[in-house]
Amino acid sequence: MTPEIGHFALALALALALVQSVLPILGAARGNILWMQSARWSAFGQVIFVSIAFGALMQAFITSDFTVKNVVENSNSLKPMLFKVAGTWGSHEGSLLLWTLILTVFGAAVALFGSNIPQALKARTLSVQAWISVGFLTFMLFTSNPFDRVFPPPGDGFDLNPLLQDVGLAMHPPLLYFGYVGFSIVFSFAVAALIEGRIDAAWARWVRPWTLAAWMSLTAGIALGSWWAYYELGWGGWWFWDPVENVSFMPWLMGTALLHSAIVTEKRDAFKSWTILLAILTFSLSLLGTFVVRSGLLTSVHAFAVDPERGLYILGLLALTIGGSLALFAWRAPAMEPGGMFKPISREAGLLVNNLILATATGIVLFGTLYPLFYEAVTGGEKLSVGPPFFNGAFIPVMLPLVFAMGLGPYLSWKRADLPGVLQRLRFVAVLSVLATLAVWYLTEGGPVLGYLSLMIAFWLFLATVREWTMRIKLFEAPFSESRRRARNLPRSAHGMTLAHSGLAIAMFGFIASTVWKSEEIVFVQPGAEISIGGFDVTFDGLERVRGPNYFADRGQLTVNRDGQFVTTLFPERRTYPVAQSSTTESAIRSTLAGDLYASIANPASEEVSEQGAWTLRILYEPLVNFIWIGSAMLILGGGLSLSDRRLRVGAPRRKASAPTQVAAE
Amino acid sequence: MIMGRLLAFIPLAIAVVFGGFFLWGLNPDRDPNNIPSVLISQPAPQFDLAAIEGLETPGLSRTDLVDNPGPVIVNVFASWCVPCRAEHGVLTQLVENDGQRLFGINYKDKPEDATKWLVELGNPYEKIGSDLNGRAGIEWGISGVPETFIVGADGTVLFRYVGPVVGDEAISKFREALTQAGALPRG
């Protein structure tokens, strides 16, 4: 019965979305307040009904209701409870339902917290949001219904892909979707503004918190996905330029550009059409991500089941959303009057450079990701694949100047900056960066020039960012109490920027060190074998068979010593899931701030070797790899600090309702 | 102003071009997993595999694929591969109803598991080579299991199918290839 309730709730949500996609926007055009206000209730209604549907599906997974096809295909009664719950969004249908749920949550959030947004803009935004809802709800109801029954019900389910049975991965899609879908509201704001034909500083201020929230989730989602690839896939890398990774990275790059361009629109009333375009493109790339993963256009390790009918439907949806909004942009954007003027050396120009570089980088990733498809279409069927060499070769040289400019940017003042003065102030930072790089060069045994150059730029970014912050609060220049007072008075968004920018520098240390100075050994081992790596001596003690809830595993034991001193024991596993008929590698990791010692075992590769009881052992030492996650956390926290800035607070201004309405009235 | 208007159209134009490519890419006949084999029209690679331990079926080597009266099918399978289980029935039918000759390469499989699997599902294979270390798989350039090849009477590889031959579309594609090879009568 419950699945039918879920199905029915989806249909009701669709009905509400249909009403919401017409009524409020008509109301805004005719000045009918009642029609405009209807958006509030239909947005709440949508979120309630989609939640009911989501709850119904989750219940089917928790109780292992094998009359529901989706549960049969993606769950198993022996699975641990956490993964039964996560199974709700593990499949194509379920993840689509989650997507829609988040979409409606954002719609309702705007209805609830957007009390400072002018009525007409809010009504139009919510109508646009409802258009997207209609698209996804019909997609789900017509081509991918998660509540399809199966008769006769089988005794047990097929189990979720064991690779996906990991806590990090259970949380990865929701966060990623929060990011993807969060940009939908920014998109709706942009389209509403285009329809209205007016964009001003106030618009940028209303949009900013939503952009920030979406950006933070996306950052968290990507970082978590990368963390998962590193720990779970057992390949000893954190980024593979896989199409599925790329499609989540592109909205992030665009969203980062949007975040910065919106600052210029807010502060200086400039870059208006550019900000709108970025808002449209960011969400378009999020949609593209959803599309590529589900349509079978490109091959990837983690694609969903492929179905051409679904692909065509999504392509239609994409054509309407992206084509429609870009056509609207082409029609309305030229009418927008340019805002404040600025000199070539100014904060605006700095942010323009940021935007151009980020857009170029997005273009590179997009091109590299889709090039196999283009190539095949143009040559009539020849295949090729684009791998890390292209992305590393094209992406890194483009990003390095950006990071250099990041160090400089916050020192520039609006309108017109004094470059010689800024350079004067950054003299010590430059000297220190060079010295630090030379010190690393002296301590390491060598590496590529690009590695040292990147490192120098990362030092530059970190030191320049920290220096800017200490200058603002006059740390060590004024008495400490004075510095503390200044730090308190500094807007939280300024602290957020410092934290996020230095976070990127920290993450860069991780990227660089774990790429350039990583060491790796792959050997056939028999009990008693010894391997030296990264200053550690590792002994392979042997192997035993262990049993888990829905798998069994061969577990190796490795003793790690350093300079004769016992350090730790590692237990890498090779797990076999009999029901899902597949196996996974559970690597064992000794994680410290200085680096990770990472061991995984695999079945013996050859017959003769296997008879002697030998296994393939892979040991990696990745220096500073944890800096990546620490840096990512700083990026997210920085976003959070900025979001909590009083100026942007979404729900709070009720207390002093007069202030925001003044802004709205201008 | 005209410039501005034109510039504003650029994003739309690019999006339309992308859309065109995507539409092309969705063509159901196109399969991104259909990786062309360098082996097509080439002689079958050198390999020599022993029989699966404990099974009566003899092993398989390159010499078994040359100088045959007609084309033969070479199927790469493993007991740990779920799609192979689905494919097994299709292959059995080809042998029993259409009189095809089927050879197997048992890829990275434990002999006892493979034996159990064949006992459970039946053994339509004339000969099976046990490719424990995946060496023959490399020679054949397979990208995963199952894969199925059609080898001509003279030992030339005529056709390669990646993935399970399951479902009407795949089966008719495979039968069409067999017909073209002359292993099945036309019509």
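**Note on the predicted two-chain model, with attention to chain B**

1. In chain B, 73% of the contacts with a separation of 6 or more are accounted for by residues 24 or more positions apart. For chain A the corresponding share, among contacts between residues at least 6 apart in sequence, is 75% for pairs at least 24 apart. Both values come from a predicted model, and the points below should be read with that in mind.

2. On confidence, the model as a whole scores ipTM 0.75 and pTM 0.78. Chain B averages a pLDDT of 83, with 90% of its residues scoring at least 70. Among the elements of chain B, the highest mean pLDDT, 93, belongs to strand 3 of chain B (residues 72–77), whereas helix 4 of chain B (residues 135–140) has the lowest, at 80.

3. As to overall dimensions, chain B has a radius of gyration of 21 Å, where a compact globule of 187 residues would have one near 16 Å. The C-alpha trace of chain B spans about 85 × 40 × 30 Å along its principal axes, and I would set these extents beside the radius of gyration when describing the chain.

4. Turning to burial, 37% of the 187 residues in chain B are buried, while in chain A, which has 666 residues, 50% count as buried.

5. The secondary structure of chain B consists of five helices and seven strands, which follow one another along the sequence in the pattern α-β-β-β-α-β-α-β-α-β-β-α. Chain A, for its part, comes to 21 helices and 10 strands.

6. Strand 4 of chain B (residues 102–107) deserves a separate point, since it has pairing partners in both strand 3 of chain B and strand 5 of chain B. Five of the six residues in strand 4 of chain B are buried, so that the strand is mostly covered by the definition of burial used here. Its pairing with strand 3 of chain B is parallel and extends over five bridges, and within strand 4 of chain B, I105(B) stands opposite V76(B).

7. The pairing of strand 4 of chain B with strand 5 of chain B (residues 127–131) is likewise parallel, and five bridges join the two. Here Y107(B) stands opposite D131(B), the latter lying in strand 5 of chain B. Between these two strands the chain passes through helix 3 of chain B (residues 111–121), forming a β-α-β crossover that is right-handed.

Conventions. Residues are numbered from 1 along each chain as its sequence is written. Chains are lettered from A and ligands numbered from 1 in the order in which they are written. This is a predicted model: local features need pLDDT of at least 70, side-chain atom pairs count only at pLDDT 80 or more; totals for chains, interfaces and linings use all residues. pLDDT is the predictor's confidence in each residue, from 0 to 100. Helices (H or I, at least four residues) and strands (E, at least two) are DSSP runs, numbered from the N terminus. The radius of gyration is taken over C-alpha atoms; the globule rule is 2.2 Å times the number of residues to the power 0.38. A residue is buried if 20 or more other C-beta atoms lie within 10 Å of its own, exposed if 12 or fewer, and partly exposed in between; C-beta atoms are placed from the backbone. Two residues are in contact if their C-beta atoms, placed from the backbone, lie within 7 Å. Two strands pair if DSSP finds at least two bridges between them. A crossover is right-handed if, with the strands pointing away from the viewer, the path from the first strand over the helix to the second runs clockwise.
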